[in-house]
Amino acid sequence: MTVIGLDDTDSRERGMCTTYLATRLATAIDRAGGRIERRLLIRLNPAVEHKTRGNAALALHTDLEPDRALELAAAELEPLAEMGDPRTSPGVVVTGDDAEAVPDSVAAFAQRAVRDLLDLDDALGLLEDLGYRHRGWAGGRGRIGALAAVGAWAAFGEWTYEHIAYRAFERCGTPRDVDETSVFEAASAYYPEAWDTVDQVESQAVCVPNAPGPILYGIRGDDSAPVRALANEIESEPVERSATFLTNQGTDGHLRDGSIGDLRDGRAYRVDGTVTGEPETRQGGHVFVPIADPPSGATAECVAFEPTKRFRDRVRALSAGDEITACGEVSGGTIKLEKFAVRSLRRTAETTPTCEVCDRSMESAGRDQGYRCRDCGTSAPGPATVELDRDLEPGWYEVPPCARRHIAKPLVRGGFDAPTHPAR
Ligand code: ATP
């Protein structure tokens, strides 16, 4: 088998898309007499600063001979890659190793590329040690992602699908003509096998990108049949070509279990904590909530950003004393919430007691001396307890589809350790 890894060919302003390059390369391989066994779309660490958008890297598994594969990859890449963008830094990696039998160091590299920040030297050192073929352009930083994509099949155990339809290349940059009614109907028909096709509350067809590239729409789901069938029901401008990718999207592969005291920027975590103050909405509509790890005393702040829309109401419903598990990337010491689980809710609060005799609010009688009624002198040993009316239930809450990160796992996919409250 030959495995080809590709990355970093696109530009935020000018469009293009490495998935499109992979799809064109697959056609070129087919024309050259090779067979495509698998196409992988791998989402790497979303915290990487120089990503264009979703930090995607691609791999093709084929039987074409490795030198020929590298030649074809370079020939397809050079005219397509947005080399005029100083941030574009393409890379190709090719090996004759079987995808499932790459050395452990390559699989470990893929794991680290999803959860950590790496240097190009990390990739180049490994490539030289292994004797893998590789080429870089404009610095060739894309070889980080390309090598990770080569290791992905051995590294990851959970796979989902995305079926991508591409528009005619010359239409790129013009508004996409996709019939939203057909998208919403098809999305309902195939939910939950296909997920994150639309955001029902925001009335947004999230499967249709806003960026200028060649993707017309991308349908994501647990299996290949429903994502293809759903795509078939969408009415739109002509689809020039399409491809189905195996992907680590929707798997939470970026999250590591951690504790509040050990958080490091550029990584994404799943951490337990107790809410220590009331949520606060700050400028821009972002909602912040402080949490702590009582045994160690370590503290952190969580934030639900404005684009997470109605998810912020779930965060605002938290209250001091609630126990939660928070998930998200850490940046500047703050956890950017993607989802959280309510483990326990504080159901009662202490309040100033009311005088039983004259029904008026009592006053403190001094430190550790309880309360006294100013009118009749009745005393109470301590505060009263009131039941709190909570607008949350135990279990998992998530950002809506319109704010989902590619790699984040939608609750509807299941496998969570508590009840779920999926957003759709
Ligand atoms: P797209 O919109 O197609 O998803 P992108 O978001 O994938 O674009 P790229 O242009 O591919 O963005 O930029 C990501 C760059 O970061 C690539 O050069 C890739 O090699 C590199 N990279 C990927 N993962 C890591 C990592 N964990 N640490 C450091 N660099 C990484």
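This is a guided tour of a predicted model, moving from one helix to a pair of packed helices and then to several backbone features in loops.

Begin by selecting helix H4, residues 120-130, and show its side chains. Within H4, Ala123, Leu126 and Leu127 are buried; these three cover an arc of only 100° around the axis, which puts them on the same side of H4. An α-helix has 3.6 residues a turn, so residues three or four places apart point the same way. Now rotate the view to the other side of H4, where Asp121, Glu128 and Asp129 are exposed.

To see what lies over the buried residues of H4, add the surrounding elements to the selection: the cover includes strand E4 (91-95) and helix H3 (104-115), together with strand E5 (133-136) and helix H5 (142-155). Before leaving this region, select Gly131, which follows H4 and has a positive phi, near 70°.

Next, select helix H6 (residues 180-190) together with helix H7 (residues 224-232), whose axes come within 9 Å and cross at roughly 155°. Why are H6 and H7 described as roughly antiparallel to each other? Angles over 145 degrees count as roughly antiparallel, and the two axes cross at roughly 155°, so H6 and H7 fall into that class. The crossing of these two helices is right-handed.

With both helices still selected, display the side chains that make the contact, which on H6 are Ala186, Ala187 and Tyr190, and on H7 are Pro226, Ala229 and Leu230. Sorted by class, the contact of H6 with H7 has 6 nonpolar residues, with no polar and no charged ones.

From H6, move on to Tyr191 and Pro192, which are joined by a cis peptide bond with an omega of about 5°. Pro192 is found in the loop between H6 and strand E7 (194-195). Continue to Ser203, which lies in the loop between E7 and strand E8 (215-221); the phi of Ser203 is near 50°, a positive value in a residue other than glycine.

For the last stop, select Asp368, in the loop between strand E18 (363-364) and strand E19 (371-372). Here, too, a residue other than glycine has a positive phi, with a value near 60° for Asp368. Is the side chain at this position buried or exposed? Asp368 has a relative accessibility of 77%, and because exposed means over 50%, Asp368 counts as exposed.

Key. Residues are numbered from 1 along each chain as its sequence is written. This is a predicted model: local features need pLDDT of at least 70, side-chain atom pairs count only at pLDDT 80 or more; totals for chains, interfaces and linings use all residues. Side-chain values use heavy atoms; hydrogens and water are left out. Axes are lines fitted to C-alpha atoms, for helices over the stretch in contact, and angles run from 0 to 180 degrees between N-to-C directions. Helices (H or I, at least four residues) and strands (E, at least two) are DSSP runs, numbered from the N terminus. Angles under 35 degrees count as roughly parallel, over 145 as roughly antiparallel, 65 to 115 as roughly perpendicular and the rest as oblique. A crossing is left-handed if the near helix is turned anticlockwise from the far one by less than a right angle, and right-handed if clockwise. Contact means heavy atoms within 4.5 Å. Ala, Val, Leu, Ile, Met, Phe, Trp, Tyr, Cys and Pro count as nonpolar, Asp, Glu, Lys and Arg as charged, and the others, Gly among them, as polar. Buried means under 20% relative accessible area, exposed over 50%, partly exposed in between (1.4 Å probe, protein chains only). The arc is that of the directions from the helix axis to the C-beta atoms.
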